[in-house]
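The following paragraphs lead through the structure shown below. Please keep the model at hand while reading.

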Amino acid sequence: MKRPSILVLGAGYGGLTTVVNLQKVLGTDAADITLINKNEYHYESTWLHEAAAGTLRPEQVRYDIKDVIDSVKTKFVQATVQAIDVQNKKVTTDNGVFTYDYLVIGLGFEGETFGITGLDKYALSIANVKAARYIREHIEFQFANWSTEAVKDDSRLTIVVGGAGFTGIEFLGELANRVPELCKEFDVPREKVRVICVEAAPMVLPGFDPELVSYAVGQLEAKGIEFSIGTPVVEATPEGVNIKKGEDKFEFIKAGTVVWAAGVRGSKLIEESGIENMRARVKVDKDLRAPGFHDVFIVGDCALMINEETNRPYPPTAQIAMQQGETIAKNINELIKGGETVEFVPDLKGTVCSLGDDDAIGVVFGKKVTGKRASFMKKMIDNRALYMVGGPSLVMKKGKFNVL
Ligand code: FAD
């Protein structure tokens with residue numbers, strides 16, 4: 001009898017965890033597993049703000065996929081997925097067409113610009129490891145230009161960060177530490193540099209404990225970060241951003257760098273696939289299958305799940321993506337054996353938001369933490385994610401050990 005084929009799209013947290021767990025749970029020769037990813041490497045999306053600010057080298061954020069999968073059990077194909085045809089069970093890539101018996105879609109997130117004029121064109125987004133490296137080099141280029149130009153344009157040294165959510169605040173935390181280094185390197189007086197966080201909502205880090213939020217804002221302000229809260233960006237231009245400060249009041253912030261970190265959506269390929277979706281995310285069934293498709297699972301940021309306690313969607317996180325990957329592997333194994341799938345129940349251990357290498361805020365196992373202790377926990381969380389995919393050797397290679 002022909003072995004069932006399992007096709008996993010995307011080697012992010014969700015896709016890679018699915019594969020690593022499929023390798024564990026499936027019996028020998030039980031199925032053919034193929035993993036498709038755009039690059040031959042996986043990158044830690046949760047570390048991208050560090051690569052973008054320049055506090056971590058881009059190479060440190062990524063590792064080769066072949067080093068963490070079992071090439072006997074899984075075939076890895078480096079390819080960019082171009083179309084997903086769930087009716088005909090066919091996936092088209094720039095490296096061939098693939099069919100499947102079971103499909104797992106884990107193509108991750110894309111930036112959401114909410115239709116704001118010019119953002120697509122003029123703002124940078126911490127979307128992947130190449131984009132992060134570009135942001136780092138763009139900021140350095142602005143500093144280098146300022147220090148060599150005869151007539152100085154100080155707006156080169158202004159960095160606008162759109163969004164005071166998790167990604168925006170983590171990026172600001174890194175910038176707060178990086179700016180003094182850049183000033184030293186490029187002979188720029190610190191007072192010439194402005195880093196401004198612009199947020200449409202009336203608060204920073206919505207959903208976080210107010211005491212922790214106030215700690216985070218205080219720490220960042222003490223390092224020179226400015227906040228403009230309740231002031232939506234209405235337009236981005238090659239020169240900067242226009243923000244709304246009142247009914248008929250606008251302010252233009254001239255800036256050499258604009259980074260948009262105010263929202264994510266799923267992959268646009270989901271929208272084109274014919275699977276029902278909301279902003280490219282699929283409201284999955286309890287066992288993580290796409291509604292109406294018994295052979296299609298969705299993992300990570302492409303999946304939308306409602307938290308029944310709050311009646312709001314769970315935020316897209318690596319923590320949930322990895323847990324979903326484990327459940328999907330179990331469910332596919334059950335389906336192959338003729339068994340029943342199980343419901344996915346997230347086991348949320350907490351959330352830690354870093355404020356640079358040496359500071360953080362968080363709630364872990366129900367307890368609030370700040371400062372070096374929280375920062376230590378954040379590094380342990382980062383190392384644990386590595387461990388779950390690649391074991392101790394990956395932790396030794398890529399782990400964060402500069403603690404306390
Ligand atoms: P990803 O990890 O993004 O992986 C998607 C994969 O698909 C990538 O390898 C990509 O190259 C590949 N891919 C995409 N399109 C194609 C294509 N067309 N063809 C082939 N391959 C493709 N979450 C937390 O839990 N804790 C945190 O502290 C945290 N911090 C964050 C900080 C930042 C700066 C960012 C951006 C996100 C953070 N998140 C955090 C969120 C977390 O990174 C995401 O929820 C997580 O990456 C989702 O995992 P995923 O597997 O769905 O997608």
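Within strand β18, Val-259 is the bridge partner of Leu-124. This contact belongs to the pairing of β11 with β18 (residues 257-260), in which 2 bridges join the strands in the parallel sense. The model in which these pairings appear is a predicted one. In general, the strands of a sheet pair through backbone hydrogen bonds, and the pairing may be parallel or antiparallel. Here, β11 and β18 belong to an open sheet of 5 strands, ordered β11-β18-β12-β13-β14, with parallel pairing. The edges of this sheet are formed by β11 (124-125) and β14 (225-229), each of which pairs on one side only.

A further parallel pairing is found towards the start of the chain, where β1 and β2 are joined by 5 bridges. One residue pair of this contact is Val-8 with its bridge partner Leu-35 in β2. Strand β1 (residues 5-9) is largely enclosed by the rest of the structure, because 4 of its 5 residues are buried.

Helix α1 can be considered next. It comprises 13 residues, and the distance from its first C-alpha to its last is 18 Å, close to the 18 Å expected at 1.5 Å a residue. The helix is mostly covered, with 10 of its 13 residues buried. The buried residues of α1 run from Tyr-13, Gly-14, Gly-15, Leu-16 and Thr-17 through Thr-18, Val-19, Val-20, Asn-21 and Leu-22.

Helix α1 also leads to the ligand. The ligand is surrounded by 33 residues, of which Gly-10, Gly-12, Gly-108, Gly-300 and Thr-317 are the closest. Two or more residues of this shell come from each of α1 (13-25), β2 (32-37), α2 (48-53), α5 (166-186) and α8 (318-337). By residue class, the shell contains 12 nonpolar, 18 polar and 3 charged residues. Both domain 1 (5-38 + 79-111 + 264-348) and domain 2 (119-256) contribute at least three residues to the shell around the ligand.

These two domains are the ones given by the domain assignment of the chain: domain 1 consists of the segments 5-38, 79-111 and 264-348, and domain 2 of residues 119-256. Their centres, taken over C-alpha atoms, are separated by 35 Å. An unreviewed UniProt entry lists residues 5-325 as "domain: FAD/NAD(P)-binding". Over residues 5-325, 28% of the span is helix and 30% is strand, and the end C-alpha atoms lie 17 Å apart.

Several individual residues illustrate how parts of the chain that are separated in sequence are placed in space. Glu-137 is located in helix α4 (residues 129-148). Its C-alpha atom and that of Ala-53 are separated by 9.1 Å, although the two residues are 84 residues apart along the chain. Glu-137 counts as partly exposed because it has 13 C-beta neighbours inside 10 Å.

Ala-321 is placed in helix α8, one of the elements that give two or more residues to the shell around the ligand. Ala-321 is buried, since 26 other C-beta atoms lie within 10 Å. From Ala-321 to Pro-346 the C-alpha distance is 9.6 Å, for a sequence separation of 25 residues.

Ser-375 lies in helix α9 (residues 371-398). With 26 C-beta neighbours inside 10 Å, Ser-375 therefore counts as buried. Asp-358 is 17 residues away from Ser-375 along the chain, and 5.9 Å separate their C-alpha atoms.

The backbone offers a last point of interest. Most residues other than glycine have a negative phi. What is the sign of phi at Arg-279? The value is positive, near 45 degrees, in a residue other than glycine. Arg-279 is in the loop between α7 (268-273) and β20 (282-283). Ala-280 likewise lies in the loop between α7 and β20, and its phi is positive at about 65 degrees although Ala-280 is not a glycine.

How are these two loop residues classed by burial? Arg-279 counts as partly exposed because 14 C-beta neighbours lie inside 10 Å. For Ala-280, 23 C-beta neighbours are found inside 10 Å, and this residue therefore counts as buried. The threshold that decides both cases is 20 or more other C-beta atoms within 10 Å for a buried residue.

Terms used. Residues numbered from 1 in each chain as written. Predicted model: local features only at pLDDT ≥ 70, side-chain atom pairs only at ≥ 80, totals over all residues. Pairing = 2+ DSSP bridges. Near = placed C-beta within 6 Å. Nonpolar A, V, L, I, M, F, W, Y, C, P; charged D, E, K, R; others polar. Domains from an automatic or database assignment. Expected span 1.5 Å × (residues − 1). Buried ≥ 20, exposed ≤ 12 C-beta atoms within 10 Å, placed from the backbone. UniProt positions renumbered as here; feature names shortened; annotations may be inferred.
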